[in-house]
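Hi everyone, thanks for making time this morning. I'd like to walk you through one protein model, going from the overall fold down to a few single residues. Have a look at it on the screen first.

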Amino acid sequence: MSHSTSPGIDDFYSKKISELRLRELRVFPSEMPVHEVARHMASEKISCVFIGKGTQELSGFITDITLRDRVLAMNLPPAIPAGEVMDRNLVAIDHESYVYEALLLMFRTKTRYLLVRHAGGYVGLISRNKILTEPSKSPFLFIQSVKQAVYKEELKRKWEKVPKIVFKLIQRGVRAEIVNQIISTIADTIIIRVIENVLKEIGPPPAKFVFFTVGSEGRMEQTLKTDQDNAIIYEDKGNLQREIVRDYFLGFAKELSLRLDFIGFAFCQGGYMAQNPKWTHSLSHWKKNYEGWFLESSPETVMKYALFFDCRPLYGEFSLLEDLKAFMAEQLENPLERFFYNMTLNALQFNPQLTWFNNIKTFKVGRAEVFDIKRAMSPMVEAIRIYALSEGIFETNTGKRLKLLQEKGVIDGKTYTEWYNAYYYLMALRLECQAAQIIKEGRDPQNYIEISGLTKVQQVTIKEIFKVIGDLQLRIKIEFTKSF
């Protein structure tokens, strides 16, 4: 892989929030009249202030937009207490996080300001505009433009530009983990926009719900060959409303799916998407499903269960998914050995892609000798997920799962580096090849890598990585199947 690095881009992706100058937090009591708060904002020329008992006990915030939307537009009296009109949606990030992570979090949570946490307390504030004036932020300005796109035709054109951005980032040596997150955030932004459009057209939902993604998008490991993997949980309603609620969400999911397919997110071949009646249910129904899958614990039910460990909420009432995850965590506290045994069998069915003579296993597609890179990476995703679950780690991203496993002492530093580098080397190769297939060959991206297109060094590296994967599989086989 060619890695001509330009200083600007690498500085940006390695810069931490602790290196930025943070804005000081201005805090006012919740009983203060909102016009008083506005007067302070005007005299101090600040556009975001916090409401609470002090910097460590914040209950909400007020921005210029809060004043416009929640006070003026509602024609409320200026003497109304600030606590009654404040926005409660506080979003915070750790000061050791990267600047690019802060930007992605802002885009995903639709917030222009982030609180910065350090040593258990809040130490300051960063704003989106301030970070967007940093150099080399082109992918983020692009995400900004995606947020402003409205119609599906416009969103389709935006999605078509993503391969070029990805190709450039990989060529410039930006880490594959970051590129995955950028693609996933662009995809999130598009999906949320489509959800908003559909809801506007079909009318407000009859119950609270959460739309969440599973699989690679749920792990924030989106590549350019992407399909729809998603589901819906809605709140439980009385018998009379049950059918109405269900019909509404199935209709909503179908319309959503059609539009996403039009934009470029293909229908899921396995049918793991909300428009399939099996993937749209009330919270109590989902809990029953999970319990059933868990107790039956066959290789097939374990696969469904595993898919949902990689889930991330995108839109709606996130607490519904949190509730389901808490239920899953309870079940995992005294897991059946059979459960991890079956999960391990699933991970072992992807055999390392090496022949007896230590060559890469290939097959023919047309005239080309290829290997399936997604199939090569799957055992790593599966095995690392098994370790994470056995330790009660509910993080969904593979790289972050690895980090937490190292912090818990499950794997040592050397193993962490080896697994991390192996996984993201393959990911970078996969992204680069997919982007090249779209840009240079004008064809749909595939997970097949042509051996003839690889350099000698790449071939040797891939063989070594496949040995690492073989060792990892042996390790989970010993740890999770020996009692059987």
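So, what is the chain built from? The protein chain has 19 helices and 13 strands. Its radius of gyration is 24 Å, close to the 23 Å that the globule rule gives for 484 residues, so the chain is as compact as a globular protein of that length. Please keep in mind that this is a predicted model.

If you like to think in boxes, the C-alpha atoms fill one of roughly 80 × 60 × 45 Å along the principal axes. Of the 484 residues, 52% count as buried. The accessible surface comes to about 22,800 Å², and carbon and sulfur atoms own 53% of that. Now to the contacts: among those with a separation of 6 or more, 72% are between residues 24 or more positions apart. As for charge, the chain carries 65 positive and 58 negative charges, and the mean positions of the two sets are 4 Å apart.

Let's move to the aromatic rings. How many aromatic pairs does the structure hold? The count is 35. One of them joins Phe209 and Phe252, with 5.6 Å centre to centre and 70° between the planes, which makes it edge-to-face. Phe209 sits in strand S7, residues 209-213, while Phe252 belongs to helix H11, residues 239-263; they are 43 residues apart, and the pair links distant parts of the chain. Both of these phenylalanines are buried.

Here is another pair for you: Tyr234 and Phe249. Why is this pair called stacked? The ring centres of Tyr234 and Phe249 are 5.2 Å apart and the planes are at 10°, so the pair is stacked; the cut-off for stacking is planes under 30 degrees apart. Tyr234 lies in strand S8, residues 230-234, and Phe249 is in helix H11, 15 residues apart, so to speak a second link between distant parts of the chain. Tyr234 counts as buried because its relative accessibility is 5%, and Phe249 counts as buried at 0%.

Next, some backbone angles. In general, most residues other than glycine have a negative phi, so it is nice to look at a few exceptions. Ala119 has a phi near 50°, a positive value in a residue other than glycine. You can find Ala119 in the loop between strand S5 (113-118) and strand S6 (121-127). Is Ala119 buried or exposed? Ala119 is exposed, with a relative accessible area of 76%.

Met220 also has a positive phi, about 60°, although it is not a glycine. Its place is the loop between helix H10 (215-218) and S8. Met220 has 8% relative accessibility, so it counts as buried; the limit for that is under 20%.

Last stop: helix H5, residues 99-109. H5 is mostly covered, with nine of its eleven residues buried. Among the buried ones are Val99, Tyr100, Glu101 and Ala102, then the run of Leu103, Leu104 and Leu105, and also Met106 and Phe107. Right after H5 comes Lys110, whose phi is positive, near 55°.

That's my tour, and I'm happy to take questions.

Methods: Residues are numbered from 1 along each chain as its sequence is written. This is a predicted model: local features need pLDDT of at least 70, side-chain atom pairs count only at pLDDT 80 or more; totals for chains, interfaces and linings use all residues. Side-chain values use heavy atoms; hydrogens and water are left out. Helices (H or I, at least four residues) and strands (E, at least two) are DSSP runs, numbered from the N terminus. The radius of gyration is taken over C-alpha atoms; the globule rule is 2.2 Å times the number of residues to the power 0.38. Buried means under 20% relative accessible area, exposed over 50%, partly exposed in between (1.4 Å probe, protein chains only). Contact means heavy atoms within 4.5 Å. Accessible areas come from the Shrake-Rupley method with a 1.4 Å probe; for residues, only the protein chains shown count as cover. Lys and Arg count as positive and Asp and Glu as negative; His and the chain ends are not counted. The place of a charge is taken as NZ of Lys, CZ of Arg, CG of Asp or CD of Glu. Rings of Phe, Tyr and Trp (its six-membered ring) pair if their centres lie within 6.5 Å; planes under 30 degrees apart count as stacked, over 60 as edge-to-face and the rest as tilted.
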